[in-house]
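Trainee: May we go through this structure together, and may I ask for the reasoning behind each description?
Mentor: Certainly; let us begin once it is displayed.

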Amino acid sequence: MLPKYLPVLCLQIVNIHKAFGPIHALNGVSFDVHPGEVMAVLGPSGCGKSTLLAIIAGLENPDQGNVLWDKTDLKDIPPHQRGFGLMFQDYALFPHMNVFDNLAFGLKMAHWDADRLKKRVEEVLDLVGLPGFSQRDISTLSGGEQQRVALARSLVPQPRLLMLDEPLGALDRTLRERLLLELPTLLRQMNQTAIYVTHDQEEAFALADRVVVLNAGQVAQIGTPQDIYRQPASVFIARFLGLVNLFPGEIRMHGSNPFIETLLGAWPIDAPKLGKMNSGDKVTVLLRPDAVDLSPDGPYRIQGRLVECSFRGNLLRVVIEAEHQIQLNFDLPARFQLPKVGEQLLLNFDPRKAFQVFNITT
Amino acid sequence: MDRDSVTLNLPRLRAGPPRTNLLLWGAPLVFLLVFYLYPLGSILNLSFARSEAGFLAPFIEIIRSPAERNVVWFTIWQAALSTLLTLGVGLPGAYLMARYQFPGKSLLRALTGVPFVLPTLVAATAFDSLLGPRGWINLGLMFLFNKDAPIINFNYTLTAILVVHVFYNTTIVLRIVGDFWSRLNPRLGEAARLLGADSWQVMRHITLPLLAPAITAAALLVFIFDFTSFGVILILGGPHFATMEVEIFYQTTGLFNLPLAAALSILQLIFTLTFTLLYIRLSSGLSRPLTLRSQDYTQRPLRTWRSRLLAISIAGFLLVLLVLPLSSLALRSVTRLEGDRGQTGPVQRGLTLEFYRQLAVNRRQSLFFVPPTTAIAISLVYAATTVVFALALGIPAAWALSRNQQSSQNGRGTGMAINQLLDSLLMLPIGTSAVTLGLGFVIALSHPPLDLRASLLLIPLAHTLVAFPFVVRSLTPAMRSIQPRLRQAATVLGASPSQVIRYVDFPLVGRALLVAATFAFTISLGEFGATSLLARPEFPTVPVAIYRFISRPGGINYGQALALSTILMGVCLVGMLAIERFRITGAGEF
């Protein structure tokens, strides 16, 4: 059994490649996880997330690349000696054991004596909010209870790294939201280093210290949730995060002031946002959905017919159709009174905050 | 069954387990009563009527006689040993079939099914043609070391008995355990691995306990088969070894000691019943509702060299054990090896199709000559009829068994006791001496109230009796594993009971149904004991035709028997391949 606070450096994933026949599941993935950190691996289904977990766990061998723990290569260490925990998407609870035996399994493999084992299992059952569930049969548990038992089972042996594969995927919304609050608290409380795999950006942002976005077997971006949301590195990531107001444009210079020219108009933009892009470059323009206001005044405006409007409690989500049939989504504060669907809407915004541009190739 | 009748049945179906069971068990019970208990009762009654010293005397004779005690003891331990060996060979094979996809898999699967359907006579001949004094291996060794006498002594040894039992029954383990295993969620093992269990601990704590219902089901079938083994012991055991079944045969046909034979029959039945009850006791605590997975999810190609090596050695071993004797048989059927009697000179050898050509020739101008093609057609019609009968009886029975298992978990165990009784009742036909049963059919079903002498259904009915327990045993684990919630979900979605069966139960147990149908089909094709007593001369099955050839003297008859055995083997192989193909396209994975 590992001591509770092992002075670990970190997990290093170095240039992992894995192909299944003609399909390249992972294509040179590298990133680090720091001690005590919760790292989310975010990506659409089929981007190679589960394969990556299987490789870290040692259930699959990479075609190329290394998994290092504390600078030691784990290549020749079988899964059961890695001291990692994995909570499966379908929980994989042992149907022939009750809750207690499921939780105790890891400690039994490590030959804990019965008294200590019992104490530890009950401690973790308390921690996940299931006191008194020891003798329950797995088949009698609800979805949420199974989820907690699965989490508890992977926590009991105090793994140096906990991996969670879409752990909230099968749960109802209320339960999901409650666990979204509880889970990070729980993990921080234990200073648990964790990798959290999900396709849901909301989950990743709510839980993780840092997020690595995977696309088609490659790392698309690594950063804190705020970084990624504020500065998505590519059109793909912007789309994946639900930032859908994307349309083509071109960079122009007005003296020393850059601006972007689009089908919907021309607006100034901050020079640092352009990076290495030059005048004349074709770009994709992102208009952030939360950067607009409904007041008719202001120098920079966008006009369109209201197509859809839905009330989301603290905000109003509107879809307008601007010129050239370009559809734009916006989130407005809920205090506004909206015109009816089909009427024209005039929105103003601060172009220096609202825009981001991407090189057309990204 | 049309939709209206099902709707009308609905209120009764909901009345509770005992009455539902009675409904489901109705047909199987009537069948067992009329075609099992009635004939068996008739023959036993007749036998004991001849015992002058009273009903108990033959039993006392068995207890007193060391020879008879030995027979009982040998029957038990050889069956136990054979079962263990069969599991030892079958479980690695089941693992390979369950967890990996590889080229030639369905061919391997089909090949391994062939021995099971061969008449014992043919299997014994096949091994004789490989390992016997004039088998390929001894001939080869004699040639190599330039000796005149056979070097390997195989016939009339315990090894021969055990090897042929394993040869016969490995497919039971492959099918029952393999199919169940292929649908077990591999994540469970991976979860255990990550919790610190090494491969052996995963096997011990996770895989084996979850497989336990399938393993015990397979082991019980194998054990009962070995326990009641007849032809193998008669031919390969020689004078040293006799099981109770063989002893019944000797006592009936050789010594005409019908009371002793009847007592042995009853003793054999009691043993079978005891083992079955023991099994039910064990298995009721083992079965769990599992989330079964499709094979796409559980199986992977052989990617690493380690897994390839493993696959090659397991498949290679299975091929050597199962296919070598069969190909040896096929080769013998086209090879002339007959030397003159007592001659030690060179054997006149050569490839020949003479034996096949002779099959269509009615050399003795026999009135009852039937060309082998007709025998094959008759066998196939009987087998198809058996499949229909066995499934029609087996599905409701297996359903009743699985339903009660589930409802008893909710604290309603009223029907449980009845079910256990019925469960063991339906295992009895396998445990019953085929000789006794055949005689029973002849005696009881040849006069009013039930005169079936002239009916062509008589043989399919006898075959159904033997196949029925296999069908139920194959179906029950799969049916038990359907989570009740799935049926409830379908009902809530508006499915009528018949639609639930059609869209939920059937797709989920589809594979098990095919396994069950395969069993019924092949048991019927290979059954010999009862058939030989019941078949009318103008309608022989293939095994009966083979027996006709083999019981006549002379090399040409022996060759013809081998040729016909080879044809039967081919028919079974084609049938098995067809089922494999159908399984992939039709019923699909699940």
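**Reasoning from values to descriptions**

Mentor: This is a predicted model. Leaving out residues up to four places away in sequence, A:His17 touches A:Leu26, A:Asn27, A:Gly28, A:Pro62, A:Asp63, A:Gln64 and A:Gly65.

Trainee: What makes A:His17 and the residues that it touches count as being in contact?

Mentor: Two residues are in contact if their C-beta atoms, placed from the backbone, lie within 7 Å. A:Pro62 and A:Leu26 are among the residues that A:His17 touches in this sense.

Trainee: Where is the place of A:His17, and why is A:His17 called partly exposed?

Mentor: A:His17 belongs to strand β1 (residues 11-20) of chain A. A residue is buried with 20 or more other C-beta atoms within 10 Å and exposed with 12 or fewer. A:His17 has 16 such atoms within 10 Å, and is therefore partly exposed. As for a position elsewhere in the chain, the C-alpha atoms of A:His17 and A:Ala233 are separated by 22 Å, the two residues being 216 apart along the chain.

Trainee: How do you know that β16 and β17 of chain A pair?

Mentor: Two strands pair if at least two bridges are found between them. Strand β16 (residues 301-311) and strand β17 (residues 315-321) of chain A run antiparallel and are joined by six bridges, so the criterion of at least two is met. One of the bridge partnerships is that of A:Glu308 with A:Val319 in β17(A). The two strands form a hairpin with three residues between them, and A:Gly313 in the turn has a positive phi of about 85°.

Trainee: How many bridges support the pairing of β17(A) with β18(A)?

Mentor: Seven bridges link β17(A) to strand β18 (residues 327-333) of chain A in the antiparallel sense; A:Glu321, for instance, has A:Gln327 in β18(A) as its bridge partner. This hairpin has five residues between its strands, and A:His324 in the turn has a positive phi of about 60°.

Trainee: Which strands form the open sheet of five strands, and why do β13 and β20 of chain A stand at the edges?

Mentor: The order is β13-β12-β11-β14-β20 (chain A), with antiparallel pairing. β13 (265-268) and β20 (355-359) each have a single partner strand, so one side of each is left without a neighbour in the sheet. Neighbouring strands of this sheet are turned by 40° against each other on average, direction ignored. For β13(A), four bridges join it to strand β12 (residues 257-262) of chain A, in antiparallel fashion, and A:Glu261 has A:Ala266 in β13(A) as its bridge partner.

Trainee: How many residues of chain A are in contact with chain B?

Mentor: 19 residues of chain A are in contact with 19 residues of chain B. On the chain A side, β6 (84-87) and α2 (99-109) are the elements that give two or more residues. The residues of that side divide into 13 nonpolar, five polar and one charged.

Trainee: Which residues have the most contacts inside the largest nonpolar core?

Mentor: That core has 259 residues, and those with the most contacts inside it include B:Val177, B:Val164 and B:Ala218. Helix α10 (residues 199-227) of chain B gives the most to the core, with 16 residues. Domain 1 (11-240) and domain 2 (248-359) of chain A each supply at least three residues to it. The C-alpha centres of these two domains lie 38 Å apart.

Notes: Residues are numbered from 1 along each chain as its sequence is written. Chains are lettered from A and ligands numbered from 1 in the order in which they are written. This is a predicted model: local features need pLDDT of at least 70, side-chain atom pairs count only at pLDDT 80 or more; totals for chains, interfaces and linings use all residues. Ala, Val, Leu, Ile, Met, Phe, Trp, Tyr, Cys and Pro count as nonpolar, Asp, Glu, Lys and Arg as charged, and the others, Gly among them, as polar. Domain bounds come from an automatic or database domain assignment. Axes are lines fitted to C-alpha atoms, for helices over the stretch in contact, and angles run from 0 to 180 degrees between N-to-C directions. A nonpolar core is a set of buried Ala, Val, Leu, Ile, Met, Phe, Trp, Tyr and Cys residues joined through C-beta atoms within 7 Å.
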